[in-house]
Amino acid sequence: MPDILAGLGLAPGIVHWMVLTAALFAVGLYGILTRRSAVGVLMAVELLLNSAALSFVVFNHFRMPALVDGQVMAVFVIAVAAAEVVVGMAVFVALYRVSHTVDLNRLDRLKNDEVKP
Amino acid sequence: MCMLPELIVVATALTVLVADLFLSERRRVVLALLTLVGLAAALAALLAAPAGSLFGGRFSVDEVAIWFKVVFLLASFLTVCLSLDQLDGRVKVRVRGIGLRGEYYAVLLSTLVGAMFLVSARDLVTLYVSLELATIPLFALAAWKRSDAGSQEAGLKYVVMGALASAFLLYGFSLLFGLAGSTDLAAIAAAVRPSPALFLALALVTTGIGFKLTLVPFHMWAGDVYEGAPLPVIAYLSVASKAVGLAVMFQIFYRVLGHMVKDLGPLLAFLAAATMTLGNTVAIVQRSIKRFMAFSAISQAGYIVMGFLGPDAGGVPAMLFYMLAYVAANMAVFGVIIFYANATGRERIEEYRGLARTNPLLALAMMLALFSLAGIPPLSGFVGKFFLFSIASKAGFHWLVAVAAVNSTISLYYYLRIVRQMYIEPVYPEAARLPVTPTLAATVAVTTVASLVLGLVPVFYEVIHNQTIEWLAKLVG
Amino acid sequence: MSEGAVETILFYAIAAMSLFFAIATVTARRLLRAAVALMFVLVLSAGFYVMLAAEFLAGVQVLVYVGGIVVVIVFVIMLTSSVDLLEERPPLLRKALGALAAIGFFGTTAAVYLTTDFGAAADAAPPAESARAIGAALLDYGPHGYVVPFEVISLLLLAALVGGIAVARRSPPPSQPLTSGGDLPGEVSFTPPKRQNDPEGGASHA
């Protein structure tokens with residue numbers, strides 16, 4: 001059994017892991033391009049950040065297993081993501097309070113070229 | 001102690017935040033003064049302290065870092081000068097929902113600290129984290145006009161785009177890390193060889209930087225964010241945030257890829273040409289002065305990137321000098337825009353009519369600053385552009401120089417649109433001389449004189465040139 | 001079944017589930033459902049971290065990402081009353097463009113990975129306790145340490161907190177007089193009882 005899996009080149013090596021991160025990143029990309037709600041877009045961005053953090057840990061594990069540089073970076077990525085979400089969500093809540101939507105398609109106030117009195 | 005400027009700024013930010021708690025609303029006027037004093041002290045410490053490094057080279061200050069920090073500190077100082085009238089309410093037309101002065105200055109100073117750490121970073125982790133510190137608080141600042149839907153919408157678009165850009169950048173960083181097996185920028189520079197994976201990493205990183213520096217096709221957020229965000233925040237965005245993008249580009253293209261930046265010439269030339277052309281053509285049709293400045297700033301980013309094309313190290317001082325000239329001219333323009341918005345609430349180009357009749361000096365300052373942005377001799381913008389164009393020409397990109405020259409002519413046309421409104425169009429019937437606050441007057445005067453002097457007196461460029469011309473050779477050699 | 005085979009099967013199982021929930025995150029029409037799917041993706045990533053000998057990181061992932069970030073997202077979905085909202089389906093063109101971009105990105109990246117020699121996998125043993133090693137690296141101020149970003153991120157979290165509160169705050173604190181600073185016009189419009197009998201505030205709002 002192990003010989004068959006390994007013989008087919010299926011044992012997860014660095015390439016398999018990196019293809020996985022690319023797939024997760026691509027799914028997030030799709031979400032960013034199709035989501036209409038800003039909260040949905042930010043969730044897709046979290047997918048991207050998560051896949052990038054995963055890729056740091058993958059490289060850490062395969063290229064330099066005795067060190068933890070990639071894991072340290074992943075810890076920072078998680079912390080930065082938290083900060084980003086805090087500010088992002090604060091802005092969303094504030095926007096919802098004044099315009100009752102966070103739908104990116106309906107947010108076109110800034111495009112209106114009306115003359116101010 | 002080469003970290004002293006950063007520490008002073010951090011201390012100022014915390015002091016402002018704490019002082020805000022203990023001051024009555026009326027007394028909070030001193031917070032701006034406190035911030036300005038802190039920034040001035042940091043600038044003094046920066047110019048007094050020698051270059052050096054700390055933490056085994058993980059934090060390092062060289063000549064280029066010092067000049068970038070000068071740009072950041074000046075931009076922040078001027079931004080505070082431009083902000084304080086609106087925040088303190090010394091305006092005719094109030095900005096809806098703006099306030100919370102202590103938090104405003106503290107958040108502004110935090111982004112400044114991020115920018116300063118970024119140019120001193122020598123590993124990917126510090127580079128990434130300080131870039132985020134320079135970016136994330138700006139999302140909040142863009143949405144600072146609470147209860148103003150436009151400002152919130154600007155904040156939302158900035159959050160979404162900024163988060164997306166940083167995700168691309170981060171994925172690119174992870175590839176650089178994986179290819180080199182180290183987070184250290186020098187180690188990565190030594191390890192990477194041209195390969196498809198490296199170019200993929202480069203494409204991802206360039207996308208991330210492109211958002212920051214508003215390079216076409218990653219510029220789309222700029223128009224909306226500039227339209228909605230508070231004016232002083234836009235002034236900061238257009239100058240400091242752009243300098244941050246340039247600093248990241250220095251870190252990646254020179255520090256990491258210094259030995260192969262020559263081969264990237266065509267890519268960078270294309271980005272530069274597309275950016276300046278699109279920025280200019282879209283700026284022509286704008287009616288709102290904020291959106292107009294957004295596209296003007298985009299085209300300026302296109303000119304700056306030309307500096308990376310050089311076969312020699314001449315691009316480094318040229319870009320730094322242009323950045324400095326751009327800070328002076330752009331801040332002068334924003335000074336007048338903010339003065340006019342504070343006094344009348346008008347923010348459209350055709351509403352500037354007759355400004356030369358009511359406030360001739362401010363109109364003159366605006367005209368000089370706009371001419372500097374357009375690159376009219378003998379103003380500093382011309383000198384800066386001249387150096388950048390000659391870099392591209394020396395590198396053999398004659399077509400790019402031609403494109404840039406045409407673009408400069410186009411830009412002169414649309415900058416003249418504002419000048420025409422101020423000088424030729426009839427004045428508003430009831431118009432009288434508009435009062436200007438001393439801070440704004442001083443800011444506009446100093447920045448305008450600076451954009452004249454930087455162009456007329458060659459000593460400034462010579463100093464920058466002498467200090468930074470060897471920088472790239474030391475890095476690559 | 002050897003250990004290698006178990007690991008291989010586990011990898012594909014978690015990868016498949018991860019991708020499934022990731023797709024659910026970006027396509028679910030109810031945002032709350034998408035948030036739950038996102039939570040599953042993040043928990044499964046913690047599983048990946050365990051497989052990659054990063055146990056401490058797995059813990060951080062669950063605590064911060066799942067326990068913190070997803071909770072904030074759910075809060076915001078509720079605060080912006082998007083709970084019951086069925087998001088409109090994106091137009092077909094937009095879906096097609098999104099799919100094209102995603103597939104294009106995945107194709108390019110995967111092709112690059114398949115042709116790249118990432119260098120021989122190093123064979124050294126991982127540090128016995130990753131938590132200890134990470135902690136040491138974070139506070140190491142030598143040439144391989146990360147004390148600078150550790151300090152920088154503390155400032156980032158503070159700035160994000162201050163900025164977030166400032167933006168999301170509803171009205172000035174009671175101690176702050178309404179006639180102050182630049183706070184006046186916008187704030188008044190948010191105190192409904194005052195709004196009716198405050199013509200000035202109403203006028204500047206209109």
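# Salt bridges and chain contacts: exercises

At 15% relative accessibility, Arg28(B) counts as buried (buried is under 20% relative accessible area, exposed over 50%, partly exposed in between, with a 1.4 Å probe and protein chains only). This is a predicted model, where local features need pLDDT of at least 70, side-chain atom pairs count only at pLDDT 80 or more, and totals for chains, interfaces and linings use all residues. Residues are numbered from 1 along each chain as its sequence is written, chains are lettered from A and ligands numbered from 1 in the order in which they are written, and side-chain values use heavy atoms, without hydrogens and water.

## Exercise 1: the partner of Arg28(B)

Which residue meets Arg28(B) in a salt bridge?

**Solution.**
- Start with the rule: a side-chain nitrogen of Lys or Arg lies within 4 Å of a carboxyl oxygen of Asp or Glu.
- The partner is Glu25(B), at 2.5 Å from N to O.
- Check its cover: Glu25(B) has a relative accessible area of 11% and is buried.
- Now widen the view. Arg28(B) and Glu25(B) belong to a network of salt bridges with Asp20(B), Asp85(B), Asp88(B), Arg90(B) and Arg101(B).

## Exercise 2: bridges between helices

Find where the two residues of the Lys69(B) and Glu6(B) pair lie in chain B.

**Solution.**
- Take the distance: the closest N and O atoms of Lys69(B) and Glu6(B) are 2.5 Å apart, in a salt bridge.
- Place the ends: Lys69(B) is in helix H3 and Glu6(B) in helix H1, 63 residues apart, so distant parts of the chain are linked (helices are DSSP runs of H or I, at least four residues, strands are runs of E, at least two, and both are numbered from the N terminus).
- Check the cover: Lys69(B) is buried at 0%. Glu6(B) is buried at 0% too.
- Try a second pair. Arg101(B) and Asp88(B) form a salt bridge at 2.8 Å. Arg101(B) sits in helix H4 and Asp88(B) in helix H3, so this pair ties parts 13 residues apart in sequence. Both are buried.
- Over all chains, the search finds 20 salt bridges.

## Exercise 3: chain A

What pattern does chain A follow along the sequence?

**Solution.**
- Count the elements: chain A has 4 helices and 0 strands.
- Read them in order: α-α-α-α.
- Add the cover: buried residues are 72% of its 117 residues.

## Exercise 4: chain A against chain C

Which helix gives the most to the side of chain A that touches chain C?

**Solution.**
- Count the contact: 74 residues of chain A meet 85 residues of chain C (contact means heavy atoms within 4.5 Å).
- Take the area: about 7200 Å² is buried, with 77% from carbon and sulfur atoms (buried area is the accessible area, with a 1.4 Å probe, that two parts lose on being put together, summed over both).
- Look for charge pairs: there are 0 salt bridges across this interface.
- List the elements: H1 (2-7), H2 (14-34), H3 (38-63) and H4 (69-99) of chain A each give two or more residues.
- Pick the top one: H4(A), with 24 residues.

## Exercise 5: chain B against chain C

How many salt bridges cross the interface of chain B and chain C?

**Solution.**
- Set the scene: 49 residues come from chain B and 38 from chain C.
- The buried area is about 3600 Å², 72% of it on carbon and sulfur atoms.
- The rule finds 0 salt bridges across this interface.
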